Amino acid sequence: MSSPIVSIKGLRAGFGPTTVLHGVDLAVGPAEVAVLLGLNGAGKSVTLRVAAGLIPAWAGTVRLGGEDVTTLPAEARVGRGMAHVTQGRHVFPGLTVEENLRLGAYTLRRRDRSRYAAVLDSVLDRFPRLADRRRQLAGTMSGGEQAMLAVGRALMANPRVILVDEPSAGLAPAAADALVETLRGVHRSGVAMLLVEQNVTFALDLADTVHVMRQGTVVHSAPRQRVDQDRLTAELGIGRLLKGGTR
Ligand SMILES: Nc1ncnc2c1ncn2[C@@H]1O[C@H](COP(=O)(O)OP(=O)(O)OP(=O)(O)O)[C@@H](O)[C@H]1O
Ligand SMILES: [Mg+2]
């Protein structure tokens, strides 16, 4: 891989006396979609939250575009090009779509007010459904629309990489398919992605690289076409999912 946009090495973190991450290693290449899979409680969300600066690392490093950001506050990481769509999406229900998007741009707005309007236009272009509803309260939108809003809000910071935690959770298949297309478009525009998903079919559809986590460590990493299917089946307790694999 050419030098990664995000590189996580030996990451340890936890809560009080409990260690949750026992030395996580993974990297996301520029313009790559890396998918992080694992059972409930494996530490996927905690990995994203430590990478984003919402939970402190106890040991190890997080690099963004080669820069060590391990001890930088979350806002500084956003300003350097890392955005995070948290699990549960968390749009502000009492604010309109446009107000939600504005909140995603606060680091940008302070640096460059003129770019802000251009970024808002580009996000609304990308999400026609949000453009149609820009004055609607976010809390009254469907789950799929809220998922798009959460992704759109992350894009308002003009990121180089987005960390996306279970965007398809709770969505009907048609809404999940629409979201896959949205994320594919985001990726095609040159934004790298670290994607956590329970929906393995959804995830593998987008993945360039697959990482599997168990009990706070990454136990298998491979390009999508060379994922060890038996390993995936065993780790996730699922049947064969990869189409046109190598075996
Ligand atoms: N704020 C917290 N305080 C204490 N323990 C926590 C906290 N957040 C997460 N944990 C614990 O860390 C472990 C990993 O949680 P995490 O949310 O990363 O799992 P996950 O892999 O994202 O699972 P899921 O697929 O269910 O979202 C779990 O045992 C969880 O209970
Ligand atoms: Mg999680």
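**Exercise 1. Work out whether Leu64 is buried or exposed in this predicted model, and find what surrounds it.**

Step 1: Start with the accessibility. Leu64 comes out at 2% relative accessibility. The cut-off for buried is under 20%, so Leu64 counts as buried.

Step 2: Place it. Leu64 sits in strand S4, which covers residues 59–64.

Step 3: List the company it keeps. Skipping neighbours within four places in sequence, Leu64 is in contact with Ile5, Val6, Val69, Arg77, Arg80, Gly81, Met82, Arg160 and Val161.

Step 4: Pick one partner and check the backbone. Leu64 and Gly81 are 17 residues apart along the chain, and their C-alpha atoms are separated by 8.2 Å.

**Exercise 2. Which residues coordinate the magnesium ion (ligand 2), and where in the chain do they come from?**

Step 1: Look for donor atoms. You'll find OG of Ser45 and OE1 of Gln87, at 2.0 to 2.2 Å.

Step 2: Trace each one back. Ser45 belongs to helix H1, while Gln87 is in the loop between S6 and helix H3 (97–104). The two are 42 residues apart, so this pair links distant parts of the chain.

Step 3: Check Gln87 for exposure. Its relative accessibility is 38%, so Gln87 counts as partly exposed.

**Exercise 3. In what order do the strands of the six-stranded open sheet run, and what lies across them?**

Step 1: Read off the order: S6-S7-S8-S3-S9-S10, with mixed pairing.

Step 2: Find the edges. Strand S6 (82–85) and strand S10 (217–223) each pair on one side only.

Step 3: Get the twist. Ignoring direction, neighbouring strands are turned by 15° against each other on average.

Step 4: Zoom in on one pair. S7 (residues 161–165) and S8 (residues 192–196) run parallel, joined by five bridges. Here Ile162 stands opposite Met193 in S8.

Step 5: Add the helix. H1 (residues 44–52) lies across S3 (33–38), S6, S7, S8 and S9 (209–214), and runs at about 150° to S7.

**Exercise 4. How many residues does the largest nonpolar core have, and which have the most contacts inside it?**

Step 1: Count. This core has 49 residues.

Step 2: Name the hubs. Leu37, Leu101, Leu149, Met156, Ile162, Leu183 and Phe202 have the most contacts inside it.

Step 3: Ask who contributes. Helix H7 (residues 143–155) gives the largest share, seven residues.

Step 4: Follow one hub. Beyond four places in sequence, Leu183 is in contact with Val151, Pro167, Met193, Leu195, Phe202 and Leu206.

Step 5: Don't stop there. Another core, of 29 residues, lies apart from the largest one and includes Leu36, Val50, Met213 and Val218.

Notes. Residues are numbered from 1 along each chain as its sequence is written. Chains are lettered from A and ligands numbered from 1 in the order in which they are written. This is a predicted model: local features need pLDDT of at least 70, side-chain atom pairs count only at pLDDT 80 or more; totals for chains, interfaces and linings use all residues. Side-chain values use heavy atoms; hydrogens and water are left out. Two strands pair if DSSP finds at least two bridges between them. Helices (H or I, at least four residues) and strands (E, at least two) are DSSP runs, numbered from the N terminus. Axes are lines fitted to C-alpha atoms, for helices over the stretch in contact, and angles run from 0 to 180 degrees between N-to-C directions. Contact means heavy atoms within 4.5 Å. Donors are N, O and S atoms within 2.8 Å of the metal (3.2 Å for Na, K and Ca); water is not among the atoms, so sites may look incomplete. Buried means under 20% relative accessible area, exposed over 50%, partly exposed in between (1.4 Å probe, protein chains only). A nonpolar core is a set of buried Ala, Val, Leu, Ile, Met, Phe, Trp, Tyr and Cys residues joined through side-chain atoms within 4.5 Å.
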